[in-house]
Amino acid sequence: MLALRPNCECCDRDLAPDSAEARICSFECTFCAGCADARFGGRCPNCGGGLVARPIRPAALLEKFPPSAERVTKPHTACAT
């Protein structure tokens, strides 16, 4: 089951469980659409895999299967502003 991480690993932007702006790779590295597209060209800076839109868990299931509250941030050279 997807963890639905709450933030972009690069810029630390909040990403709600129903955010259409969340992008993930096959390892669930999580980025906002802005970082995924503009900074990484659609490729995960951790593994090199493709970043795709994160599926949205139906609201009725969020209580039974809550999203992760653990924020993950990793310093990437491409994240430097």
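Which residue in strand 3 does Arg23 stand opposite? The answer is Ala53. Keep in mind that this is a predicted model. Here's a quick tour of the sheet, one buried asparagine, one arginine in a loop, and a cavity.

**The sheet**
- You're looking at an open sheet built from 3 strands, in the order 2-1-3, with antiparallel pairing.
- Strand 2 (30–32) and strand 3 (52–53) sit at the edges with a single partner strand each, so one side of each has no neighbour in the sheet.
- Strand 1 covers residues 22–24, and 2 bridges tie it to strand 3, the two running antiparallel.
- As background, strands in a sheet pair through backbone hydrogen bonds, in either a parallel or an antiparallel way.

**Asn7**
- You'll find Asn7 in the segment before strand 1.
- Is Asn7 buried or exposed? Its relative accessible area is 1%, and buried means under 20%, so Asn7 is buried.
- The Asn7 side chain reaches out to the backbone oxygen of Val72, at 2.9 Å.
- Setting aside neighbours within four places in sequence, Asn7 touches Asp12, Arg13, Asp14 and Leu15, then Thr30, and also Glu70, Arg71, Val72 and Thr73.
- Val72 therefore turns up twice for Asn7: as the owner of that backbone oxygen and in the list of contacts, alongside the buried state of Asn7 itself.

**Arg43**
- Arg43 sits in the loop that runs between helix 1 (33–39) and strand 3.
- With 48% relative accessibility, Arg43 counts as partly exposed, because that class lies between under 20% (buried) and over 50% (exposed).
- Leaving out neighbours within four places in sequence, Arg43 is in contact with Ala36, with Gly48, Gly49 and Gly50, and with Leu51.
- Arg43 and Ile24 are 19 residues apart along the chain, and their C-alpha atoms are separated by 9.6 Å.

**The cavity**
- How many cavities of 30 Å³ or more does the structure hold? There is 1.
- The largest cavity has about 30 Å³ of space in it.
- Its lining is made up of Leu2, Ala3, Leu4, Arg5, Ile24, Glu28, Thr30 and Arg54.
- By type, the lining residues of the largest cavity split into 4 nonpolar, 1 polar and 3 charged.
- Two of the names may look familiar: Thr30 lines the largest cavity and is also in contact with Asn7, while Ile24 lines the largest cavity and is the residue whose C-alpha atom is 9.6 Å from that of Arg43.

Notes:
Residues numbered from 1 in each chain as written. Predicted model: local features only at pLDDT ≥ 70, side-chain atom pairs only at ≥ 80, totals over all residues. Heavy atoms only, no water. Pairing = 2+ DSSP bridges. Helix = DSSP H or I, 4+ residues; strand = E, 2+ residues; numbered from the N terminus. Buried < 20%, exposed > 50% of the residue type's maximum accessible area, 1.4 Å probe, protein only. Polar contact = N/O pair within 3.5 Å; in protein donor to acceptor, adjacent residues only side chain to side chain. Contact = heavy atoms within 4.5 Å. 1 Å grid on protein atoms, 1.4 Å probe; cavity = no way out; pocket = protein on both sides within 12 Å on 5 of 7 lines; lining within 4 Å. Points joined across faces, edges and corners; volume = space filled by probe spheres on them. Nonpolar A, V, L, I, M, F, W, Y, C, P; charged D, E, K, R; others polar.
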